[in-house]
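Trainee: I'm new to this structure and would like a close look at one part of it. Could you pick a helix and walk me through its surroundings?

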Amino acid sequence: MEYLSIRETAEKWGISIRRVQTLCSTNRIEGATKVGYYWVIPSTAEKPKDERIRSGKYVKDQTKQ
């Protein structure tokens with residue numbers, strides 16, 4: 001199996017290196033493994049869906065009013 005570095009994956013997906021590190025550390029990229037200080041990502045891994053909130057409105061529990 002061929003692996004890519006975080007930098008190569010960031011360029012491939014068009015996102016920042018820091019974002020790829022965050023996705024790896026939160027187990028959002030299937031097959032990503034940490035080797036020493038470095039993350040290695042399978043070349044066949046797909047970019048996960050961006051689940052960050054874009055509206056700026058956070059969903060809160062509305063029952064406590």
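Mentor: Let's take helix H2 and work outwards from there. Keep in mind that this is a predicted model.

To place H2, start with the overall layout. The protein has 2 helices and 3 strands, and from the N terminus on they come in the order β-α-α-β-β. Of the 65 residues, 25% count as buried. Contacts between residues 24 or more positions apart make up 44% of the contacts with a separation of 6 or more.

Now to H2 itself, which covers residues 17-25. Which of its residues are buried? They are Arg 19, Val 20, Leu 23 and Cys 24. Look down the helix axis and you'll find these buried residues within an arc of 140 degrees, so they line one face of H2. The general background is simple: an α-helix has 3.6 residues a turn, so residues three or four places apart point the same way.

What does that buried face pack against? Its partners are H1 and S3. You can see the same trio in the largest nonpolar core, a set of 11 residues that includes Val 20, Leu 23 and Cys 24. Helix H1 (6-13), helix H2 and strand S3 (38-42) each supply at least two residues of this core. Among the other core members are Ile 6, Trp 13, Trp 39 and Ala 45. Ala 45 touches Lys 12, Trp 13, Ile 29 and Glu 30, leaving aside residues up to four places away in sequence.

Val 20 is worth one more stop, as one of the residues touched by Thr 9. Thr 9 sits in helix H1; its relative accessibility is 2%, under the 20% cut-off, and therefore Thr 9 counts as buried. Besides Val 20, Thr 9 touches Leu 4 and Ile 41, again not counting residues up to four places away in sequence.

H2 also has a share in the largest pocket, which has a volume of about 180 Å³. Ile 17 and Gln 21 are in its lining, along with Ser 5, Ile 6, Arg 7, Tyr 37, Tyr 38 and Trp 39. Here too, H1, H2 and S3 each supply at least two residues. Notice Ile 6 and Trp 39: they line this pocket and are also listed in the nonpolar core.

Finally, look just past the end of the helix. H2 is followed by Asn 27, whose phi is positive, near 60 degrees.

Key
Residues numbered from 1 in each chain as written. Predicted model: local features only at pLDDT ≥ 70, side-chain atom pairs only at ≥ 80, totals over all residues. Heavy atoms only, no water. Helix = DSSP H or I, 4+ residues; strand = E, 2+ residues; numbered from the N terminus. Buried < 20%, exposed > 50% of the residue type's maximum accessible area, 1.4 Å probe, protein only. Contact = heavy atoms within 4.5 Å. Core = buried A, V, L, I, M, F, W, Y, C linked by side-chain atoms within 4.5 Å. Arc of directions from axis to C-beta. 1 Å grid on protein atoms, 1.4 Å probe; cavity = no way out; pocket = protein on both sides within 12 Å on 5 of 7 lines; lining within 4 Å. Points joined across faces, edges and corners; volume = space filled by probe spheres on them.
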